[in-house]
Amino acid sequence: MAFDLDMIQRVYANLGERVEAARQAVGKPLTLSEKILYSHLFAGAGTSALPTQAFERGKAYVDFAPDRVAMQDATAQMALLQFMQAGRPKVAVPSTVHCDHLIQAEVGAVEDLDIAKNKNKEVYDFLASVSDKYGIGFWKPGGGIIHQVVLENYAFPGGMMIGTDSHTPMAGGLGMIAIGVGGADACDVMAGLAWELKMPKLIGIKLTGKLSGWSSAKDVILRVAGILTVKGGTGCIVEYFGEGAETLSAAGKGTICNMGAEIGATTSIFSYDDKMGDYLRATNRGEIADAAEVVKKDLRADDEVYADPASYYDQLIEIDLSELEPHINGPFTPDLAWPLSHFAKAVRENNWPAKLEVGLIGSCTNSSYEDMTRSASIAAQATAKHLKTKAEFTVTPGSELVRFTAERDGLLTTFEAIGGVVLANACGPCIGQWARHMDDPTRKNSIITSFNRNFAKRNDGNASTHAFVASPEIVTAFAIAGDLTFNPMTDTLTNENGEQVMLDEPQGIEQPLKGYAVDDAGYQAPAEDGSGVSVLVSPTSDRLQLLAPFAAWEGTDLKGLKLLIKAKGKCTTDHISMAGPWLKYRGHLDNISNNMLIGAVNFYTEKTNSVKNQLTGEYGEVPAVQRAYKAAGIGSIVVGDENYGEGSSREHAAMEPRFLGVRAILVRSFARIHETNLKKQGMLALTFANPADYDKVQEDDVIDIDGLTEFAPGRPLEIVLHHADGTEDEFMVNHTYNDGQIEWFKAGAALNIIRMKQNA
């Protein structure tokens, strides 16, 4: 039985009328993304839910009404602490919490899960009780990784959801507009308010041909990342279509959409087809598949779009799946794409460690039953051909449904037979929750994963670890070989008998032949009436802390700001607010603020977590220096480079500087989610009008921001740099604030406005 079937049926009942109205408003045939976006316009006071106007892509801010919200445990803490301030008795839309981020991988599934339940009991109890109180579905630790669980239970064609994790777009594998956001955005939707998004541009990717051999759906997105880079999809929805798209399983589509976050895309999506219907029926949601069939023409782009895609998409890319080679991406960035036939040469020429130390499969990106079977087919060959893994090998199932079914069908035993260790159904090493066993953590070494990100320190906290990303079957083959210069398509391996053997092409099964099975999927329904449920947060807790509202803008220009740090090069949300051991503080803003920007590289010293304190002239840790400025009542500014804040949706990267007294972030360009998170928290998110002005910022600068008393959409602000030698530089900076977002800034945060309206 499907969750929230009544809601889904209402979406489909109104879909045709809304799509036709949108077609009339836009004045031309519609892409799939446009159909879903225009059919989810917010019906506020005095407005109609039916589209009445066209919105310019890349420019117009639009209010939407998502169908549901999903939160993972690390981000849910802050999101729900904020929601508790909103004054609502219950969430306005179906919402869920998934406990997947706080389980550390160290020994194996059973032991690691038991340790996590004990270590994180306070947080799990808080999340369970707050979910119970406000009508939120709760998925217990061990239930699975949020995106796989959403794909199995909640995603539906033509729907719209937001999630407090950047890989929320995985639901696009079932034809859903699913977008990663910060917790403040989730609060808006759970409170029944509009959710604002700049109307995305559209990138169309036409897939022709059919995958074969060692190539998989993962290789599609690895190739796309190589084409578009980590910022090529910023502000865009990536829409896949073509006869090649219809040959991909729903799980494969989900993999592609999931990792679309690595190109900065707002989301990615596929049109409804028979493969999606098969997956819905296999996961006990036949009612949704039947309902989708009735409105199928509105769950795909109009025929005219497919006939002439260049006229309807802002950018068009074509990939022939028949010619697509397996790819390996990395190290240190997910868009450095290498075809398998070129990878060994790249390893040698770049002097990357060729010896592979660990191969890791699973994660939210690649942990479906199909992924497991393709990898297990390689593992079974290894046993039959007298091979064992030469590298460590770990397996992370995506959900308890997948794990239980895989165990029943013998897949986990197959992995264990070659030395594989099955980890808990959780994020684990993908997000740095990995107690890696290593002799020297400073030694250069290589690992390969089927994950989505491979930033420095991302998986194990070791800057010298060279992390590469590939499909699960390629990872499995490499783990057996223990050598990154191995090509499973052409090379032989020496087995235990001294014989030369080759690995055959992987074989996979999209859906289990005996159907899915599970004893306890891990779901806990909320109380029918949560009014009597108490949510307790101990005032002495070091992991949970009730929030106090941020102060409103003082009504003046900002004068005398100190430069906190001028970050050099890539500065992701992992650099701004690390995960790993810091995950334990995700519900305690004061404590987690001690990791603020400790991973960012200081332009002036080439060091991390070392900046000049202008009050003392000495160098100190970034959070400590900022706390000194805060104690002295002095604001500060952070300067950054291109695509600042790429990566995770974690709003802590915006809340921490806000909490510690940083007033503005000035960069060459922003990643979408981070820019929005900064705005939501009442921060100034500014970009250099001339990117070269970045070079004018000096280490001892005192900085003014002028023009705030006339702060208005489209009107630049002025920066004045007061240099230590008495000279000054002045230049203009841009912003993308609209009228509503300017009100967030003036009020001190978007949540302050929600609270005021609720209490009015």
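## A strand wrapped up inside

How many of the 5 residues of strand β25 (residues 636–640) are buried? In this predicted model, the count is 5 of the 5, so β25 is largely enclosed by the rest of the structure. You can see how that works by looking at the two sides of the strand. S636, V638 and G640 point one way, I637 and V639 point the other way, and all of them are buried. That fits a general pattern: in a regular strand the side chains alternate between the two faces of the sheet.

β25 also has partners. Strand β22 (residues 558–566) pairs with β25 in the parallel sense over 4 bridges, and there L563 stands opposite I637. Strand β26 (residues 662–667) pairs with β25 too, again in the parallel sense, this time over 5 bridges. In that pairing, S636 has V662 of β26 as its bridge partner. To get from β25 to β26, the chain goes through helix α21 (residues 652–660), and this β-α-β crossover is right-handed.

## A second crossover, around β10

Now scroll back along the chain to strand β10 (residues 267–270), which is covered on both faces. T267 and I269 sit on one side, S268 and F270 on the other, and all are buried. Strand β9 (residues 236–241) runs parallel to β10 and is joined to it by 4 bridges. If you want a spot to click on, try I237, which stands opposite T267 of β10. Between β9 and β10 the chain passes through helix α9 (residues 250–259), making a right-handed β-α-β crossover.

## An open sheet

Here's a sheet to trace by eye. It is open, with 6 strands in the order β6-β5-β2-β3-β4-β21, and its pairing is mixed. The edge strands, β6 (177–180) and β21 (523–524), each pair on one side only.

Inside the sheet, strand β2 (residues 68–72) and strand β5 (residues 160–163) run parallel and are joined by 3 bridges. One of the matched pairs is A70 with G163 of β5.

## Two covered helices

Helices can be tucked away as well. Take helix α6 (residues 146–153): 8 of the 8 residues are buried, so the helix is largely enclosed by the rest of the structure. The buried residues include I146, V149, V150 and L151, and also H147, Q148, E152 and N153.

Helix α3 (residues 73–83) is mostly covered too, with 11 of its 11 residues buried. Among them are D73, A74, M78, L80, L81 and F83. Zoom in on the start of α3 and you'll find a side-chain oxygen of Q72 reaching to within 2.8 Å of the backbone nitrogen of A74.

## The nonpolar cores

In soluble globular proteins, nonpolar side chains tend to be buried together. Here, the largest nonpolar core has 179 residues, and Y12, L80, L207, Y240 and F478 touch the most other members. Helix α1 (residues 5–26) gives this core its largest share, 8 residues. Setting aside neighbours within four places in sequence, Y12 is in contact with F156, P157, I288, A291, A292, V295 and L299.

There's another core lying apart from that one, with 49 residues. V638, V639, Y644 and A653 are among them.

## A buried serine in a loop

Is S367 buried or exposed? With a relative accessibility of 1%, S367 counts as buried. S367 is found in the loop between β14 (356–362) and α14 (369–384). Leaving out neighbours within four places in sequence, its contacts include Q148, G362, M372, T396, P397, G398 and V402. The side chain of S367 also reaches the backbone nitrogen of G398 at 3.4 Å.

## Cysteines without bonds

A disulfide is a covalent bond between the sulfur atoms of two cysteines. How many disulfides does this structure hold? The count is 0. C236 is in no disulfide, and the nearest cysteine sulfur, in C257, is 15 Å away. C236 is buried, with a relative accessible area of 9%.

What about C364? The closest cysteine sulfur, in C430, is 5.6 Å from the sulfur of C364, which is too far for a bond because the two sulfur atoms would have to be within 2.5 Å. C364 counts as buried as well, at 7% relative accessibility.

Technical notes
Residues are numbered from 1 along each chain as its sequence is written. This is a predicted model: local features need pLDDT of at least 70, side-chain atom pairs count only at pLDDT 80 or more; totals for chains, interfaces and linings use all residues. Side-chain values use heavy atoms; hydrogens and water are left out. Buried means under 20% relative accessible area, exposed over 50%, partly exposed in between (1.4 Å probe, protein chains only). Two strands pair if DSSP finds at least two bridges between them. A crossover is right-handed if, with the strands pointing away from the viewer, the path from the first strand over the helix to the second runs clockwise. A polar contact is a pair of N or O atoms within 3.5 Å; within protein, one must be able to donate a hydrogen and the other to accept it, and residues adjacent in sequence count only if both atoms are side-chain atoms. Contact means heavy atoms within 4.5 Å. A nonpolar core is a set of buried Ala, Val, Leu, Ile, Met, Phe, Trp, Tyr and Cys residues joined through side-chain atoms within 4.5 Å.
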